[in-house]
Amino acid sequence: MTLVQGTYSDHPWLATGAGPTPPGRNVYVAWGAGVSHTALDFRRSNDGGETFEPPRRILGEARAPSVVSAGPQLAAGPHGLVCAVCDWTTQQDSSGDMVGQVVAVCSTDEGHSFAAPVHLGSESAAIALPGGVKPNSGPTVAAAPRGDALYVAFPRRQPGTTHSDVVVTASYDRGRTWSNPVTATPADGVTYFQPNLAVDEAGRVAISAFALANGRVDEVLLLSQAGELRFRPPLRVTTAPFDPLDPTTASRGKYGAWWIGDWQGIATGAGAFHLVWNDTRTGKLDLFAATVRP
């Protein structure tokens with residue numbers, strides 16, 4: 001089924017409703033849109049994806065220019081909760097990083113209507129790494145499978161340092177208000193980027209992310225206890241780090257440098273977290289997966 005054609009549409013993201021009630025059959029899709037690439041468009045299905053309503057704009061274009069696309073992520077929770085997050089008005093700073101505003105737009109009625117956008121803080125949307133590399137690191141969102149909680153994570157780096165953090169903000173009232181961002185990563189000099197979020201049935205918030213140190217990348221897991229945003233030290237998931245500047249992969253990169261994708265992935269079920277990430281340890285770009293039962 002074609003959802004959009006003949007117009008700019010970037011980084012489409014899909015989410016499904018939760019629970020056995022009718023909203024559990026809903027399918028939601030959002031993508032970056034607009035002349036300035038800062039808008040978000042949205043389509044909804046209430047019959048399991050067999051048909052979709054016409055597209056609607058849920059976030060208007062920014063007045064200020066942006067050098068990267070909005071690049072949304074989308075999550076759906078219980079009782080008709082839907083939330084999209086994206087980068088907004090991203091510009092390059094003195095360090096070479098692309099720094100923008102993280103914006104959330106949320107619906108509490110199964111996507112019928114969306115509240116005004118909420119600005120959650122500034123982020124390093126693309127972190128400038130050695131060799132002219134700027135991997136995208138947009139915001140990520142997850143909804144708790146029970147209750148009204150939403151979580152958004154994004155990377156943030158102070159200019160002139162090698163260290164970047166992943167910070168997390170939470171809403172416990174279905175996206176109306178949000179907490180101040182808290183840091184999920186230790187102050188260890190490591191460059192953390194491309195976070196992804198999942199929340200399990202117990203309410204534990206898990207973040208998967210890349211960790212770059214000494215020229216090598218590991219996939220790590222950051223885990224909080226249920227009901228609190230206090231994260232354990234990073235758990236290394238990769239059995240061996242990989243070299244993102246391996247010459248067998250660097251020549252096939254995007255923007256003239258290595259490219260390992262915009263996002264990795266994490267899901268949860270039955271008390272476990274399931275991670276998938278891009279990895280060049282074999283001399284080519286492969287997908288690796290792991291199951292973690294913390």
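These are my notes on one buried serine and on several salt bridges in a predicted model.

**Ser208**

I looked up Ser208 first and found it in strand β14, which covers residues 205–213. Its relative accessible area is 0%, so I put Ser208 down as buried, the limit being under 20%. I then listed its contacts, leaving aside neighbours within four places in sequence. Ser208 touches Gln194, Pro195 and Asn196, then Glu219, Val220 and Leu221, and also Gly265, Ile266 and Leu275.

**Salt bridges**

I noted 10 salt bridges in the structure and looked up some of them.

Asp148 pairs with Arg174, with 3.3 Å between the closest N and O atoms. Asp148 sits in the loop between β9 and β10, and Arg174 in the loop between β11 and β12, so this pair ties together parts 26 residues apart in sequence. I checked exposure on both sides: Asp148 is partly exposed at 33%, whereas Arg174 is buried at 12%.

Asp243 pairs with Arg216, and here the closest N and O atoms are 3.7 Å apart. Asp243 lies in the loop between β16 and α1, while Arg216 belongs to strand β15, so the bridge links parts 27 residues apart in sequence. Both partners are partly exposed, Asp243 at 22% and Arg216 at 39%.

Next I looked for shared partners: salt bridges join Asp41, Arg57 and Glu61 into one network. Within this network I looked up the pair Arg57 and Glu61, whose closest N and O atoms are 3.8 Å apart. Arg57 has 44% relative accessibility and counts as partly exposed; Glu61, at 33%, is also partly exposed.

Terms used:
Residues are numbered from 1 along each chain as its sequence is written. This is a predicted model: local features need pLDDT of at least 70, side-chain atom pairs count only at pLDDT 80 or more; totals for chains, interfaces and linings use all residues. Side-chain values use heavy atoms; hydrogens and water are left out. Helices (H or I, at least four residues) and strands (E, at least two) are DSSP runs, numbered from the N terminus. Buried means under 20% relative accessible area, exposed over 50%, partly exposed in between (1.4 Å probe, protein chains only). Contact means heavy atoms within 4.5 Å. A salt bridge is a side-chain nitrogen of Lys or Arg within 4 Å of a carboxyl oxygen of Asp or Glu.
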